[in-house]
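Reader: I should like to learn how to read packed helices and chain contacts in a structure. Could the explanation please begin with the terms?

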Amino acid sequence: MTFWQQLKMDKVAVISLTIITLVLLIGIFAPVVAPHDPLGTDIKIKFADASWSYPFGTDQLGRCILSRLIYGIQTTVMLSLITMAATIIIGTLLGVIAGYARGKVDEVIMRICDVLLSFPSEVMILAIVGMLGPGLGNVVVANIASKWAWYTRMIRSLVIQYTDKNYIRFSKVAGCSGTHIMQKHLFPGVVGDIAVLATLDTGWVILNISTLSFLGLGVQAPTPEWGMMLNEAKNVMTMYPSLMLAPGFAILIIVSAFNFLGDSIRDALDPKHNQQKAVLK
Amino acid sequence: MFVRNICKHPFLEIVDKVKEDYMRDYIIYRLIGMTPILLGISFLAFVLITLSPSDPAEVALRVNEITPTPEAIALTREQLGLDKPFFTRYIDWLVASLHGDFGNSYVNNKPVFHEIITAIPATLYLAAVALLFTVIVSVTAGVLCAIYEGSIGDKVTRGLVFLGTAMPSFWVGLLLIWLFSVKLDLFPTSGMQGFSSVILPAVTLALTYISTYTRLIRNNMIENKQENYVLYAKVRGLKESTINKHIFKNSVQSSLTALGMSIPKLIAGTVIVENIFAWPGIGRLCVAAIFNRDFPIIQAYVLMMAVLFVVCNFLVDIFSALLDPRIRQGE
Amino acid sequence: MSLIEVKNLTVCDTRNDEVIVKNVSFSVEKNTCLGIVGESGSGKSMSTKAILGLINPWLKATGSAKLDDVELLDMDKETLRKIRGRRFCMILQDAMTAFDPLYTIGAQMIETLCENTDCTKGEAEQIALEALEKMLICDPEEVMKKYAHQLSGGMLQRCIIGMAMALKPEVIVADEPTTALDSINQREVLEEFKRLRELTGMTLIFISHDLGVVQHLADNVLVMRYGECVEYGKVEQIFKNPQHEYSKYLVDTRIALTKIFREAMCKESNYSC
């Protein structure tokens with residue numbers, strides 16, 4: 001069974017993928033889907049209850065919560081995906097270079113990775129945000145900086161494993177150029193494992209961005225962002241606790257979807273898992 | 001008596017083995033390996049802050065609401081020693097740090113060391129209580145789920161654990177505050193006063209890690225259940241409880257590294273919790289410092305935490321090696 | 001009346017309805033040796049594990065397996081456990097992973113003895129030492145202090161057999177005990193089994209895919225293939241006059257192999273063949 005067939009059979013994976021795709025589509029078409037302007041304030045209707053025109057009610061400045069949630073997708077989810085993409089690209093490039101070139105280049109890159117990996121990622125993010133100052137861009141940079149070393153190291157070890165395999169040696173003997181070998185032979189084998197990590201890490205990045213925004217170190221008001229919305233809800237917790245629910249659940253659902261998807265991809269890739277249906281001695 | 005020789009208490013065996021040469025060599029080897037990493041980390045910590053786009057002298061002036069005129073900036077730069085060349089500053093800073101002198105806070109001009117020392121006990125207290133919760137709950141849940149694998153309790157716990165990894169901890173904290181402090185008025189909403197005030201923050205902090213470690217212990221035990229020695233133990237007619245004890249010991253071995261690293265992680269993770277619950281620890285200190293661009297404090301915090309992680313990693317590795325007879329015997 | 005009586009034993013995987021062992025029947029008299037032969041995956045180990053209740057929870061065993069006229073398949077777990085320790089002993093294939101890596105061999109042997117017999121720790125230790133001596137292990141005290149990873153496969157296998165003997169069971173089931181060993185160790189272990197059978201007259205079920213070994217030790221032979229019983233009878237009859245196609249094939253292949261080997265040896269060293 002191919003990887004895609006395996007994945008299609010896994011109901012959980014299908015549901016997660018559907019949720020993620022739906023959320024992304026809503027985020028992309030936010031101007032069309034959202035009922036109101038997320039930044040449009042109207043103090044007269046602040047803290048309004050759920051109604052047909054304001055399905056999730058309004059916040060402390062009279063802004064439509066649902067609209068803010070929808071626009072928040074752009075900030076929280078899509079930015080996380082961009083962060084992940086950047087991390088993977090940097091990590092893969094350096095990892096493949098290190099793994100394939102070996103020698104001095106490999107040594108240098110690995111020492112840098114060693115130090116960076118010994119640095120706890122939570123602390124690194126704080127350090128970078130501390131250095132650059134609060135702001136969404138800085139949070140993204142911080143996330144990329146704390147994760148790329150992991151991917152580099154992983155991809156390097158995969159590259160080394162694969163270069164030891166015979167079909168690579170044959171290619172070299174047949175006279176294929178280095179880049180050609182990298183493109184055609186190494187990347188496809190490595191993609192699967194990266195896919196699992198990347199999916200699981202996306203959830204982690206989403207949590208990071210919302211946490212930092214919650215602390216006030218990420219997005220700045222009035223940009224809609226789920227963590228920031230929880231921060232604002234915190235201030236009126238005693239009077240209007242329901243404001244805390246929507247953004248929190250949004251984060252929970254999307255991060256769960258990514259986690260489930262990552263797990264399913266890992267199971268689909270793992271041949272041992274598939275053969276559990278076979279006869280046991 | 002001879003039986004004592006065969007069934008020597010593991011602790012006594014460990015103590016004996018540490019005195020052995022190869023264990024000592026291993027420890028020394030690891031210590032030596034740790035030094036370049038520590039140096040690299042200190043360099044990184046220094047560089048990160050120094051590479052900031054904002055001029056620290058300017059920042060220091062602005063924070064104290066002094067107009068940053070060029071003369072004032074130049075004067076502050078000299079005062080803060082920022083006019084010296086890069087490596088000199090790094091060495092100076094490193095040497096001073098080893099003596100505990102991290103400079104003074106830009107905000108209130110008090111020694112950074114003093115600020116941190118006053119804030120640390122609160123964080124350690126919080127982290128310790130959270131660690132206790134984490135270990136008790138995750139070990140119990142993990143072991144029970146593994147023993148009763150496939151039961152309803154197992155499935156429910158796994159579902160909860162999964163949700164736990166996806167839930168933002170600050171959201172959980174807020175919900176807990178609302179439920180227990182506002183609605184039920186059982187615990188204070190913030191601050192550090194008396195024992196009841198540590199419960200909610202500790203639970204919030206522990207929740208993320210409980211999910212991870214319950215899963216880890218459960219998976220380790222289930223993997224071990226499939227091992228050949230478990231089959232042989234059953235063949236020999238050993239009691240279920242004895243077999244579970246064997247499985248548990250083997251699983252804890254592998255979980256120990258992760259559990260050991262949870263200590264520095266908990267201390268680092270207090271950043272969010274301290275901010276929600278207004279807990280006077282180093283997490284809150286660090287976030288305030290980031291807002292105020294108080295570089296000396298950020299620098300000291302980053303360096304301290306990084307060193308803590310590396311040292312804990314080292315200690316956990318050594319401890320694991322001591323516990324595993326395969327490594328202990330020098331194989 | 002035979003000591004062990006198995007009728008229509010069937011093992012089924014409840015997850016995908018696959019039948020692993022189908023309608024296997026055999027009986028073992030007291031003081032005899034039954035050899036079960038077949039290729040890997042023929043269900044040899046599975047049948048014996050099913051009798052002893054050692055199969056995974058998702059596998060279901062039906063049919064009848066009686067020890068001294070007492071049904072084993074529907075027995076409760078606790079009673080079955082006691083029978084496993086005291087009346088049945090099983091020797092597993094892979095000796096190197098059979099022991100818990102965190103405890104010494106001695107500790108585990110004493111643990112087994114204390115659980116299954118009513119002796120104190122001191123007595124258990126003595127019994128274990130004697131058992132190891134009987135297995136011709138030179139320095140039993142040293143061996144008991146070691147961990148599993150410090151001993152060779154053959155040594156560990158002998159410890160397992162020694163421990164099994166010390167428990168004085170009625171039946172010993174040996175599941176391919178020599179497969180994971182090199183030929184020198186194999187020979188030693190087989191000689192051991194022969195010696196013990198002559199000494200104690202114990203009932204033995206010997207599972208192997210190696211026909212030569214089975215021919216050496218067994219009184220009766222059960223040939224299995226794809227989870228089914230292909231032929232069952234006395235050892236001379238099976239080897240000299242196999243009835244079923246498959247048994248013929250096994251015996252012939254075996255003879256062919258040894259014939260080539262013997263011819264080669266003759267050529268090499270002017271050995272008298």
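Author: Two residues are in contact if their C-beta atoms, placed from the backbone, lie within 7 Å. Please bear in mind that this is a predicted model.

Reader: Which residues of α8(B) and α10(B) meet under that rule?

Author: On the side of α8(B), the residues are B:Val161, B:Gly164 and B:Thr165. Their partners in α10(B) are B:Leu207, B:Thr208, B:Ile210, B:Ser211, B:Thr212, B:Thr214 and B:Arg215. By character, this contact of α8(B) with α10(B) comprises 3 nonpolar, 6 polar and 1 charged residues.

Reader: How is the arrangement of such a pair described?

Author: In general, two packed helices are described by the angle between their axes and the distance between the axes. Here, α8 of chain B covers residues 152-166 and α10 of chain B covers residues 196-225. Their axes come within 8 Å and cross at roughly 135 degrees. That angle makes α8(B) oblique to α10(B).

Reader: What is the handedness of the crossing where α8(B) passes α10(B)?

Author: The crossing of α8(B) with α10(B) is left-handed.

Reader: How should chain B be read as a whole?

Author: One may begin with secondary structure: chain B has 15 helices and 0 strands. Chain B is also divided into domain 1, spanning 19-98, and domain 2, spanning 113-292. The centres of these two domains of chain B, taken over C-alpha atoms, are separated by 34 Å. Of the 331 residues in chain B, 37% are buried. Contacts along the sequence complete the picture: among those in chain B between residues at least 6 apart, 72% join residues at least 24 apart.

Reader: How many residues does each chain give to the contact of chain A with chain B?

Author: The size of an interface is often given as the accessible area lost when the parts come together. For this case, residue counts are available: chain A gives 35 residues and chain B gives 39 residues. Elements of chain A that give two or more residues to this side include α5 (103-118) and α9 (178-215). The most come from α6(A), with 9 residues. The side of chain A that touches chain B divides into 22 nonpolar, 10 polar and 3 charged residues.

Reader: What does the contact between chain C and chain B take from each chain?

Author: That contact takes 29 residues from chain C and 23 residues from chain B. On the side of chain C, the elements giving two or more residues are α2 (77-86), α3 (105-116), α4 (121-134) and α5 (140-145). The residues of that side of chain C divide into 10 nonpolar, 9 polar and 10 charged.

Key:
Residues are numbered from 1 along each chain as its sequence is written. Chains are lettered from A and ligands numbered from 1 in the order in which they are written. This is a predicted model: local features need pLDDT of at least 70, side-chain atom pairs count only at pLDDT 80 or more; totals for chains, interfaces and linings use all residues. Axes are lines fitted to C-alpha atoms, for helices over the stretch in contact, and angles run from 0 to 180 degrees between N-to-C directions. Helices (H or I, at least four residues) and strands (E, at least two) are DSSP runs, numbered from the N terminus. Angles under 35 degrees count as roughly parallel, over 145 as roughly antiparallel, 65 to 115 as roughly perpendicular and the rest as oblique. A crossing is left-handed if the near helix is turned anticlockwise from the far one by less than a right angle, and right-handed if clockwise. Ala, Val, Leu, Ile, Met, Phe, Trp, Tyr, Cys and Pro count as nonpolar, Asp, Glu, Lys and Arg as charged, and the others, Gly among them, as polar. Domain bounds come from an automatic or database domain assignment. A residue is buried if 20 or more other C-beta atoms lie within 10 Å of its own, exposed if 12 or fewer, and partly exposed in between; C-beta atoms are placed from the backbone.
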